[in-house]
Amino acid sequence: MTVENKLALITGAAGGIGRATAELFAARGAQVIAVDRDAAPLQELAQSGITTIIGDMTDPALPETLAEEITRIGKPLAILVNNAGIGGGGRLDQTSDEELRRYMEVNVVGLFRLARFAVGQMQAAGGGSIVNVASIYAEVGAQNSSGYSASKGAVAALTRQMATDYGPEGIRVNAVAPGLIETPLTAERIRTEAWRHEIFVEQSPMRRVGQPQDVAQAIAFLASDEAAFISGESLRVDGGWAMGRYPREAQI
Amino acid sequence: MAQHTTEANVAIVTGGGAGIGRAISLHLAEAGHRVIVADLNGAMAEETVALITAAGGQGQAETLDITDEKAVAAMIERVGPLRCLVNNAGIFNVKPFDALEAEDFRRMYEVNVVAMFSLCQCAAAAMGQGGAIVNIASRAMLGSAQYIHYATSKAAVGGFTRSLALELAPKGITVNAVAPGVIETDMLRARSDTNLDALRALQPGGTLGTPDDIAAAVAFLAAPQAGFITGQTLLVDGGRSLGGALGI
């Protein structure tokens with residue numbers, strides 16, 4: 001996949017999907033700037049030659065810091081992977097205004113701000129590719145997720161609008177919609193919460209949850225020149241989960 | 001793209017003799033598959049194989065009418081263990097609704113849907129545990145005037161892909177589709193009823209797609225790296241289907 005020698009900015013790169021993506025891009029010869037608010041895991045990435053920036057998605061000054069770093073590197077920003085976000089459950093009646101604002105502040109406002117920054121950089125360079133990490137919860141109904149799903153729905157809509165606006169300037173914008181992905185946090189939940197294991201493993205078509213690498217591969221494809229004619233799309237990486245539960249005993 | 005090193009690295013591409021099918025064959029060969037290039041036109045299939053060989057890959061030509069169930073079964077039996085099937089062969093023609101006859105529908109569905117089913121059934125059996133099927137749909141599936149028989153046959157490909165994905169998931173076989181938008185093939189250039197500039201004006205990026213654009217998407221979905229993606233139809237249309245707000 002042709003991300004070789006391209007400058008790629010990846011947010012939420014300290015763990016999970018973001019980290020797998022940063023490692024995959026680096027392995028394919030991209031020059032990676034990894035952003036996260038957690039300093040310690042970033043240091044490990046720095047040891048493998050990745051440029052790291054400690055930064056918070058809710059910080060309005062983050063684009064400025066990134067602009068300085070990009071100027072220092074002296075290469076146009078070709079790829080943005082807008083991965084940073086927060087997750088969590090809660091039905092509407094269990095979600096306060098404050099919690100809702102937190103989802104929106106990180107998953108929508110922070111992502112919007114970085115996308116605006118990247119578009120500016122890419123317009124100057126004559127094109128680029130943006131991949132937003134949405135969620136399968138942006139596309140199908142699921143229990144116990146109101147604020148998070150609403151924020152990811154906004155990401156899905158923004159992806160289409162940006163693709164329409166900036167296509168003429170050579171900027172492609174796509175999304176991935178991951179299903180349940182195994183990270184240190186979710187692995188614990190899948191182990192300890194029986195209902196989660198039942199729905200996401202036992203009743204999923206492939207009988208497994210996804211790995212961060214599964215999503216990283218899809219992001220790398222959409223970001224690369226191989227996907228030059230793909231824009232405004234949302235690619236589900238969910239093992240077929242959103243097409244319907246598939247109870248083991250009822251193969252009908 | 002990573003080279004496959006598994007034993008069953010064989011891929012079948014129907015309609016591999018020209019255009020999108022030829023590009024898919026070349027991409028899959030480059031990814032390390034031994035590619036069975038099946039086409040109604042055996043000479044064209046041979047030409048594709050010659051291109052594969054020249055590029056250092058492995059290929060084999062097969063003359064195949066995909067609507068001939070027995071021929072399909074015999075070919076897949078000859079080929080043996082399979083890693084990948086790409087259902088690319090299909091037909092297209094333009095006919096307004098009031099001129100369409102039931103026979104037009106039957107013929108379209110016979111090639112674009114029923115033959116795809118036969119190929120999938122034989123191929124899935126030859127894949128054992130694990131493999132990838134990629135069907136070529138079309139953005140026409142979203143709704144298109146002047147060729148409702150074609151558009152709905154491609155909508156059927158989307159529905160078939162989702163259902164078969166559910167059925168084959170326990171076997172570790174992924175089933176996905178790629179839905180091309182307007183692709184600049186020799187066939188498109190040869191059509192007298194098309195104005196390429198008018199088509200380009202409908203694209204957000206101002207350009208039409210190439211067979212390589214489709215082939216790259218197929219190769220991605222066919223690779224083990226896309227093993228957690230199934231039942232999906234990936235539109236490769238340059239954003240054309242995003243709607244009308246293009247400011248033109």
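# Notebook: pockets, cavities and selected residues

I began with the second largest pocket, which holds about 1300 Å³ of space. The model I am reading is a predicted one.

**Entry 1. Second largest pocket**

I looked up the residues around this space and found that 47 residues line the second largest pocket. Nearest its centre lie G85(A), I86(A), G87(A), Y148(A) and L185(A). I then listed the elements of chain A that each supply at least two lining residues: α1 (16-27), β2 (31-36), α4 (97-125), α5 (147-166), α6 (184-192) and α7 (194-202). Of the elements, α6(A) gives the most to this lining, with four residues. By class, I noted 21 nonpolar, 18 polar and eight charged residues in the lining of the second largest pocket.

**Entry 2. Largest pocket**

I turned next to the largest pocket, with a volume of about 1500 Å³. Its lining has 47 residues, and those closest to the centre are I20(B), F92(B), Y150(B), T185(B) and M187(B). In chain B, two or more lining residues come from each of α1 (19-30), β2 (34-39), α4 (102-127), α5 (148-168) and α6 (186-190). Which element gives the most to the lining of the largest pocket? I found α1(B), with four residues. I recorded the lining of the largest pocket as 23 nonpolar, 14 polar and ten charged residues.

**Entry 3. Cavities**

I searched the whole structure for cavities of 30 Å³ or more and obtained two. The largest cavity has a volume of about 70 Å³. I list its lining as T14(B), I66(B), N87(B), A89(B), V111(B), N112(B), A115(B), M116(B), L119(B), I136(B), K154(B) and V157(B). Both α4 and α5 of chain B supply at least two residues each to the lining of the largest cavity, and α4(B) gives the most, with five. By class, the lining of the largest cavity comprises eight nonpolar, three polar and one charged residues.

For the second largest cavity I noted about 40 Å³ of space. The lining of the second largest cavity includes F228(B) as well as residues of chain A, namely G179(A), L180(A), F200(A), S204(A), R208(A), V209(A), G210(A), D238(A) and W241(A). I sorted the lining of the second largest cavity into five nonpolar, three polar and two charged residues.

**Entry 4. Helix α3 of chain B**

I asked which residues of helix α3 (residues 69-79) of chain B are buried. They are V72(B), M75(B), I76(B) and V79(B). These residues cover an arc of only 95 degrees around the axis, so they sit on the same side of α3(B). I found that the buried residues of α3(B) pack against β1 (10-14), β2, β3 (58-63) and α4 of chain B. The face turned away from the buried side carries the exposed residues K70(B), E77(B) and R78(B). After α3(B) comes G80(B), for which I read a positive phi, near 85 degrees.

**Entry 5. V35(A)**

I located V35(A) in strand β2 of chain A. Is V35(A) buried or exposed? I count V35(A) as buried because its relative accessibility is 2%, under the 20% limit for that class. Its C-alpha atom is separated by 5.7 Å from that of A13(A), although the two residues are 22 apart along the chain. Leaving aside neighbours within four places in sequence, I list the contacts of V35(A) as L9(A), I10(A), T11(A), G12(A), A13(A), I53(A), G55(A), L62(A) and L66(A).

**Entry 6. H149(B)**

I placed H149(B) in helix α5 of chain B. H149(B) is buried, with a relative accessible area of 0%. Not counting residues up to four places away in sequence, I found that H149(B) touches N93(B), K95(B), L100(B), D104(B), F105(B), M108(B) and Y109(B).

**Entry 7. Cysteines**

How many disulfides are there over all chains? I obtained a count of zero. A disulfide requires two cysteine sulfur atoms within 2.5 Å. For C84(B), the closest cysteine sulfur is in C120(B), 11 Å away, and therefore too far for a bond. For C120(B), the closest cysteine sulfur is in C122(B) at 9.7 Å, so this distance is also too far for a bond. I noted C84(B) as buried at 0% relative accessibility, and C120(B) as buried with a relative accessible area of 2%.

Note on methods:
Residues numbered from 1 in each chain as written. Chains lettered and ligands numbered in written order. Predicted model: local features only at pLDDT ≥ 70, side-chain atom pairs only at ≥ 80, totals over all residues. Heavy atoms only, no water. 1 Å grid on protein atoms, 1.4 Å probe; cavity = no way out; pocket = protein on both sides within 12 Å on 5 of 7 lines; lining within 4 Å. Points joined across faces, edges and corners; volume = space filled by probe spheres on them. Nonpolar A, V, L, I, M, F, W, Y, C, P; charged D, E, K, R; others polar. Buried < 20%, exposed > 50% of the residue type's maximum accessible area, 1.4 Å probe, protein only. Contact = heavy atoms within 4.5 Å. Arc of directions from axis to C-beta.
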